[in-house]
Each structure stands twice: as structure tokens, then as C-alpha cells.
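Work through the exercises below with the structure open beside you. Try each task before reading its solution.

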Amino acid sequence: MDNGKLKVAFIGAGKQANWRHYPPVSSFPDVEIAALCDFNTDKATETAQKWGVPRTYQDYKHMLEEVDPKAVFIITNPKDTFELASYALGQGRHVFIEKPPGLNVNQIRVLAHYAEVNKSLTMVGFQRRFVPAMTALKARVDQRGPIHSVMVANLKSTSDFSRITGNGALDQLTSDGMHAVDNLRWLAGGDVEWVTSHVDTIYIPGPVANNVMAQVEFSNGVVGQLHYSMVTGGASLQPGATAAGYFRAEIHGKNITATVDADRLSTIVADSGEQEVFDSKVFGEAAGSEPEHWLGFWHQAREFIDCIKESREPSSNFADAVKTWELINQIYESSAV
Ligand SMILES: NC(=O)c1ccc[n+]([C@@H]2O[C@H](COP(=O)([O-])OP(=O)(O)OC[C@H]3O[C@@H](n4cnc5c(N)ncnc54)[C@H](O)[C@@H]3O)[C@@H](O)[C@H]2O)c1
């Protein structure tokens, strides 16, 4: 903590960082983004000017030595994440990384180990856990009695697989569908006990699994169902939808059901009563009117900072992300197709 502010640095001045991470972090009065680093000097300079960051670097090691931040936001592509995160963890820094957290489950296992050894606090960018409508309605179902079943559907429509598979380094479910798998695990709350699935490639040639359904049983008795698809009509399932995909969770407790769609409407109904309907974009205490607020990025960044200030482990830490990746692997292994 310098001058009462938590000193952080960023590695990465690309699209996702400028879109979803610099906006919330630069708005926090108790945080100082002391420096950023990007190979690309133009991106580094433009980003620094836009978000008021005083120093830019092209060499991340040089930045970390000179600036000595408590925490580092590493917003790079998964092929770059392991090297950067392991270096920062080796120096005992707290580390935030984007999903997918590397190129394979072993990378995040090793990073989780480094975090434990160095007593670093860590977070993977599973912002769906922090969607204001999701946290508020899940809490209302929890209040009524334990959650017994959950469903997560992440439905999209595309034939452009080059854009989102890391040029072939990662499969679709891992690179993109990991949010849905993580959300299912987080909503269910237990450890995975049993998985059955159907993983399929339809309408396109080549080895790209683009339609996945799974049923998962958890140690606490919760049953989860997942549908992740790139070949559905996911962009326009409700009137007025503008989002490029459809991400919907159903959360069922004792005679109570919540549905959450962060981009559109969320609902809750108990017993045979009236259904309450909410505009998810202005839900509850959402702290602003930009997508980073209603999509969970603002709350995610705030939680990471608060965890560091209070020496608490974030729920979506590296060790927890290992479990999400392992569930993806189990979904593939259990498919009969
Ligand atoms: N959470 C979400 O919903 C979500 C959505 C989109 C993207 N993402 C993730 O965000 C990450 C970044 O995606 P993007 O589209 O912003 O990528 P990008 O290519 O636009 O940005 C990455 C930046 O990192 C820089 N970089 C990489 N290695 C570096 C190094 N060693 N030193 C300095 N700079 C380095 C690159 O120059 C580039 O500017 C990806 O992992 C992607 O999967 C997550």
C-alpha cells in the first residue's frame, strides 16, 4: 500500500483489457495503476493515456523490478499467461489472469502450486460468478433452502471457429465454454462426483466439438445440466436481444426458481406465487450502466482488490480453476460419441 492506495500493474493493453479491466480498476479510488506493459508501444501509449497510467514498459520483468506492484493483472492470450504469471508469482505478487488460464490443465496446476508456495492471492477471470443479478438471485434461492438443481446454457451461433480457438491451440469448450462449466460448478457448490455427456460436431467438417450437453452430479447432492453450443440460435432468443450470445442459468431450491440472463431479463418465482421479473442490466446494486457493471467485471475486480486488502482467498482462485478445467476434461472423457 503506497499513499493509502494499493499499487497494481497491468501486463497487456489489448482489446479485453481496455474493454473490461482498465475501466473498473482505474475507477477505484483506493487503487493506483502505477504502470502497464505491452510489447506493442502504440497500444501501451494509447492505453496509458486513456486510463491515466503514468509509466509504460515493453519488458515486463523490468516493469515489475522498477515499479514493485503488490498485484499484477495479466490480460494476455493463454499462450503467454504461464510465463508471465509464474514469474510474478515467483516474486510473491498477487496475480489476476484471464480465462482460459493457460494452454492446458497442467499449466494452471503448476501456477496454483506456485501461488500456494509464495502465499500469493490469485483470481481467474470467471466474471459470470460476479454478475449482480446472479449473486443476488442465487442468495435468495439459498435463503429458502438448499439449491438442488442448476442448469447453465451458453448458446451461440457461428461458423467462424478461427477467431475463438486460439488458432487451434484450444478446443471450443475450453477456450470459450469454460465460463459455462465454471458457472455450473460455482452454482452447484460441491465437488464433482459423476459426469455423463454428449459431445458432438455438427454441420461443420473437422474436429471442432460445437455442441455439448452434460449432466453432472455433485458431492452435496446437487445435479447440474450444461448445454454449450455454437450452432444454436443463441443471439435472438428473446425480443430486443442485442447480445452476441445467450448465457442463461436456472437455479432451483426448495419450491423456488431463479433464472438469470445477465444480458436481458432475470426472474424469480417461489411456490405458486407471482413471478418477479428484473432488467438484469440495472439489477440491484449494479455500480454503473456500462457492460462491465452488469456483466460482472466491475464486481470481479473489486472482489480481487478487497481480497488482497483483507488477505482473503478469492473464490475463483487458481486452485479452483483447476477443478473447472478438470470438469471440462471429464465431460470429454465421459462422452459416448
Ligand atoms: N472473460 C471473458 O469473457 C473474455 C472475453 C474475451 C477475451 N478474454 C480473454 O482475454 C485475454 C486477452 O484477449 P485480447 O482479445 O485482449 O487479446 P489481445 O491480443 O488483444 O491482447 C493481448 C495483449 O497482450 C500483449 N502481450 C502478450 N504477451 C506479452 C508480454 N510478454 N509482454 C507484454 N505484452 C504482452 C500483446 O501485445 C497484446 O497487446 C485472452 O486470454 C482471452 O481469452 C476473456
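The exercises cover two sheets, some helices, a ligand and a few single residues.

This is a predicted model, in which local features need pLDDT of at least 70, side-chain atom pairs count only at pLDDT 80 or more, and totals for chains, interfaces and linings use all residues. Residues are numbered from 1 along each chain as its sequence is written, and side-chain values use heavy atoms, with hydrogens and water left out.

**Exercise 1. The six-stranded sheet**

Task: Find the strand order of the sheet with six strands, and say which strands stand at its edges.

Solution:
- Start with the terms. Strands (E, at least two residues) and helices (H or I, at least four) are DSSP runs, numbered from the N terminus. Two strands pair if DSSP finds at least two bridges between them.
- Read off the order: β3-β2-β1-β4-β5-β6. The sheet is open and its pairing is parallel.
- Look at the ends. β3 (55–57) and β6 (122–124) each have a single partner strand, so one side of each is left without a neighbour in the sheet.
- Check the twist. From one strand to the next, it averages 20°. Axes are lines fitted to C-alpha atoms, for helices over the stretch in contact, and angles run from 0 to 180 degrees between N-to-C directions.
- Zoom in on one pair. β5 (residues 94–97) runs parallel to β6, and three bridges join them. I97 has V124 as its bridge partner in β6.
- Add a helix. α1 (residues 15–27) packs on this sheet and touches β1 (6–11), β2 (31–37), β4 (71–74) and β5. Its direction makes about 145° with that of β2. Contact here means heavy atoms within 4.5 Å.

**Exercise 2. The eight-stranded sheet**

Task: Trace the sheet with eight strands, then follow its two hairpins from β12 to β14.

Solution:
- Recall the rule: strands of a sheet pair through backbone hydrogen bonds, either parallel or antiparallel.
- Give the order: β8-β9-β10-β7-β11-β12-β13-β14. This sheet is open too, with mixed pairing.
- Mark the edges. β8 (192–200) and β14 (276–279) each pair on one side only.
- Neighbouring strands are turned by 10° against each other on average, direction ignored.
- Take the hairpin from β12 to β13. Four residues join the strands. β12 (residues 256–260) and β13 (residues 265–270) are antiparallel, with four bridges. A258 is bridged to I268, and I256 to A270.
- Go on to β14. Four bridges join β13 to β14, again antiparallel. S266 has F278 as its bridge partner. Five residues lie between these two strands, and D271 in the turn has a positive phi of about 50°.
- Place the helices. α6 (residues 132–144) lies across β11 (246–253), β12, β13 and β14, at about 170° to β12. α8 (residues 178–188) touches β7 (149–155), β9 (211–218), β10 (223–229) and β11. Its direction makes about 165° with that of β7.

**Exercise 3. The ligand**

Task: Which residues come nearest to the ligand?

Solution:
- There are 21 residues around the ligand (a heavy atom within 4 Å).
- The nearest are Q16, D38, K43, T76 and K99.
- Now look at polar contacts: pairs of N or O atoms within 3.5 Å; within protein, one must be able to donate a hydrogen and the other to accept it, and residues adjacent in sequence count only if both atoms are side-chain atoms.
- Q16 uses a polar backbone atom, 2.8 Å from a ligand oxygen.
- D38 uses a side-chain N or O atom, at 2.6 Å from an oxygen of the ligand.
- H179 places a polar side-chain atom 3.0 Å from a ligand oxygen.

**Exercise 4. Single residues**

Task: Are T81 and V67 buried or exposed, and what do they touch?

Solution:
- Set the scale: buried means under 20% relative accessible area, exposed over 50%, partly exposed in between (1.4 Å probe, protein chains only).
- T81 lies in helix α4 (residues 78–90). Its relative accessible area is 0%, so T81 is buried.
- A polar side-chain atom of T81 is 3.2 Å from the backbone oxygen of N77. Beyond neighbours within four places in sequence, T81 contacts T76 and I97.
- V67 belongs to helix α3 (residues 60–67). At 3%, V67 is buried.
- Leaving aside neighbours within four places, V67 contacts K7, A34, A35, R55 and Y57.
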